[in-house]
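User: I'm new to this one and would like a close look at a single part rather than a tour of everything. Please pick one packed spot and walk me through it.

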Amino acid sequence: MRTWLFLSVLALVLPACGKAACAAPMSPDAPVSASEPRATLRIVVDLPMKGGCDEAFDLALYENRGVELVQWDEGQAKCEGRKGTIRYLPKRLGRDALLKEIQRLSTKSSVLEG
(Lines give C-alpha, C1' and ligand atoms only; values in the text may rest on other atoms or scores of the structure.)
Protein backbone atom coordinates (compact mmCIF):
# COMPACT_ATOMS: atom_id res chain seq x y z
CA MET A 1 0.00 0.00 0.00
CA ARG A 2 2.81 2.43 0.90
CA THR A 3 4.66 1.67 -2.31
CA TRP A 4 1.54 2.35 -4.35
CA LEU A 5 0.97 5.66 -2.52
CA PHE A 6 4.61 6.71 -3.04
CA LEU A 7 4.49 5.91 -6.75
CA SER A 8 1.20 7.79 -7.13
CA VAL A 9 2.63 10.92 -5.52
CA LEU A 10 5.81 10.61 -7.57
CA ALA A 11 3.76 10.33 -10.77
CA LEU A 12 1.94 13.55 -9.89
CA VAL A 13 5.09 15.49 -9.00
CA LEU A 14 7.36 14.54 -11.90
CA PRO A 15 5.24 16.06 -14.71
CA ALA A 16 5.20 19.38 -12.79
CA CYS A 17 8.96 19.52 -13.10
CA GLY A 18 9.50 20.85 -16.62
CA LYS A 19 12.84 21.53 -18.27
CA ALA A 20 13.11 25.11 -17.06
CA ALA A 21 11.90 24.40 -13.53
CA CYS A 22 14.19 21.44 -12.94
CA ALA A 23 17.23 22.48 -14.94
CA ALA A 24 20.46 22.12 -12.99
CA PRO A 25 21.99 25.43 -11.99
CA MET A 26 24.95 26.60 -14.05
CA SER A 27 28.20 25.16 -12.73
CA PRO A 28 30.53 27.71 -11.13
CA ASP A 29 33.29 26.35 -13.37
CA ALA A 30 31.29 26.84 -16.56
CA PRO A 31 33.30 28.79 -19.13
CA VAL A 32 32.43 32.43 -19.66
CA SER A 33 31.38 33.38 -23.16
CA ALA A 34 34.19 34.86 -25.24
CA SER A 35 31.86 37.74 -26.12
CA GLU A 36 31.50 38.84 -22.49
CA PRO A 37 33.55 42.01 -21.90
CA ARG A 38 36.71 41.77 -19.83
CA ALA A 39 38.88 44.42 -18.21
CA THR A 40 42.28 44.36 -16.57
CA LEU A 41 43.69 46.12 -13.57
CA ARG A 42 47.45 46.41 -12.91
CA ILE A 43 48.15 46.60 -9.20
CA VAL A 44 50.91 46.81 -6.61
CA VAL A 45 50.04 45.36 -3.22
CA ASP A 46 51.59 44.62 0.12
CA LEU A 47 50.06 41.40 1.40
CA PRO A 48 49.79 40.27 5.01
CA MET A 49 53.05 38.58 6.03
CA LYS A 50 52.20 34.90 6.28
CA GLY A 51 53.15 31.84 4.29
CA GLY A 52 51.57 31.69 0.87
CA CYS A 53 50.48 35.32 1.02
CA ASP A 54 49.83 35.55 -2.72
CA GLU A 55 47.93 32.26 -2.78
CA ALA A 56 45.63 33.38 0.04
CA PHE A 57 45.01 36.66 -1.84
CA ASP A 58 44.28 34.81 -5.10
CA LEU A 59 41.86 32.35 -3.51
CA ALA A 60 39.97 35.12 -1.73
CA LEU A 61 39.59 37.07 -5.00
CA TYR A 62 38.51 33.97 -6.94
CA GLU A 63 35.57 33.56 -4.55
CA ASN A 64 33.95 36.30 -6.62
CA ARG A 65 32.93 34.87 -10.00
CA GLY A 66 33.67 38.26 -11.54
CA VAL A 67 37.42 37.67 -11.18
CA GLU A 68 38.71 35.62 -14.08
CA LEU A 69 42.49 35.65 -13.58
CA VAL A 70 45.06 36.84 -11.07
CA GLN A 71 48.55 36.85 -12.55
CA TRP A 72 51.69 37.93 -10.70
CA ASP A 73 54.75 39.39 -12.42
CA GLU A 74 57.70 37.00 -12.67
CA GLY A 75 60.58 37.00 -10.20
CA GLN A 76 58.71 38.13 -7.10
CA ALA A 77 58.88 35.96 -4.00
CA LYS A 78 57.98 38.42 -1.29
CA CYS A 79 54.70 39.66 0.14
CA GLU A 80 55.54 43.36 -0.17
CA GLY A 81 55.42 45.33 -3.39
CA ARG A 82 53.84 42.50 -5.38
CA LYS A 83 52.95 43.57 -8.90
CA GLY A 84 50.31 41.79 -10.88
CA THR A 85 47.36 41.93 -13.23
CA ILE A 86 43.77 41.04 -12.46
CA ARG A 87 41.43 40.22 -15.34
CA TYR A 88 37.79 40.59 -14.39
CA LEU A 89 34.30 40.66 -15.87
CA PRO A 90 32.89 44.19 -15.45
CA LYS A 91 29.28 43.04 -15.92
CA ARG A 92 29.67 40.79 -12.86
CA LEU A 93 32.08 42.86 -10.78
CA GLY A 94 32.53 46.61 -11.01
CA ARG A 95 35.96 48.21 -10.84
CA ASP A 96 35.17 50.01 -7.57
CA ALA A 97 33.97 46.79 -5.92
CA LEU A 98 37.13 45.02 -7.08
CA LEU A 99 39.32 47.81 -5.69
CA LYS A 100 37.50 47.60 -2.34
CA GLU A 101 38.15 43.87 -2.19
CA ILE A 102 41.84 44.36 -3.05
CA GLN A 103 42.12 46.95 -0.27
CA ARG A 104 40.41 44.60 2.19
CA LEU A 105 42.79 41.73 1.40
CA SER A 106 46.03 43.74 1.37
CA THR A 107 47.83 45.96 3.83
CA LYS A 108 48.60 48.51 1.10
CA SER A 109 47.50 48.74 -2.53
CA SER A 110 47.71 50.99 -5.54
CA VAL A 111 46.67 50.85 -9.16
CA LEU A 112 49.35 51.01 -11.85
CA GLU A 113 46.94 51.12 -14.78
CA GLY A 114 43.50 49.95 -15.79
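Analyst: What follows sets the scene and then stays with helices α3 and α4.

A quick word on the ground rules: this is a predicted model, so to speak, where local features need pLDDT of at least 70 and side-chain atom pairs count only at pLDDT 80 or more, while totals for chains, interfaces and linings use all residues. Residues are numbered from 1 along each chain as its sequence is written, and side-chain values use heavy atoms, with hydrogens and water left out.

First, the setting. The protein has four helices and four strands, taking helices as DSSP runs of H or I with at least four residues and strands as runs of E with at least two, numbered from the N terminus. Along the sequence they come in the order α-α-β-α-β-β-α-β. Of the 114 residues, 26% are buried; that word means under 20% relative accessible area, with exposed being over 50% and partly exposed in between (1.4 Å probe, protein chains only). Contact here means heavy atoms within 4.5 Å. Among contacts with a separation of 6 or more, 70% are between residues 24 or more positions apart.

Now the close-up. Helix α3 covers residues 53–62 and α4 covers 95–105; their axes come within 11 Å and cross at roughly 145°. Those axes are lines fitted to C-alpha atoms over the stretch in contact, and angles run from 0 to 180 degrees between N-to-C directions. The crossing is right-handed, that is, the near helix is turned clockwise from the far one by less than a right angle. Phe57, Ala60 and Leu61 of α3 meet Leu98, Glu101, Ile102 and Leu105 of α4. That makes six nonpolar residues, no polar ones and one charged, with Ala, Val, Leu, Ile, Met, Phe, Trp, Tyr, Cys and Pro counted as nonpolar, Asp, Glu, Lys and Arg as charged, and the others, Gly among them, as polar.

Take α4 by itself. Its buried residues are Leu98, Leu99, Ile102 and Leu105. Seen down the axis of α4, these fall within an arc of 130°, so they line one face of the helix; the arc is that of the directions from the axis to the C-beta atoms. On the other side, Asp96, Lys100, Gln103 and Arg104 are exposed. The buried set packs against α3 and also β1, β2, β3 and β4 (108–113).

Leu98 is a good residue to zoom in on. Its relative accessibility is 0%, so Leu98 counts as buried. Beyond neighbours within four places in sequence, Leu98 is in contact with Leu41, Leu61, Val67, Ile86, Tyr88 and Leu93. Leu41 sits 57 residues away in sequence, yet the two C-alpha atoms are 9.3 Å apart.

Over on α3, Cys53, Phe57, Asp58, Ala60 and Leu61 are buried. Seen down that axis they fall within an arc of 165°, so they line one face of α3. They pack against β1 (39–46), β2, β3 and α4.

Cys53 also has a link of its own: Cys53 and Cys79 form a disulfide with sulfur atoms 2.0 Å apart, the rule being a pair of cysteine sulfur atoms within 2.5 Å. It joins distant parts of the chain, α3 and the loop between β2 (67–72) and β3 (82–88), 26 residues apart. Both cysteines are buried, and the link is left-handed, with -100° about the S-S bond.
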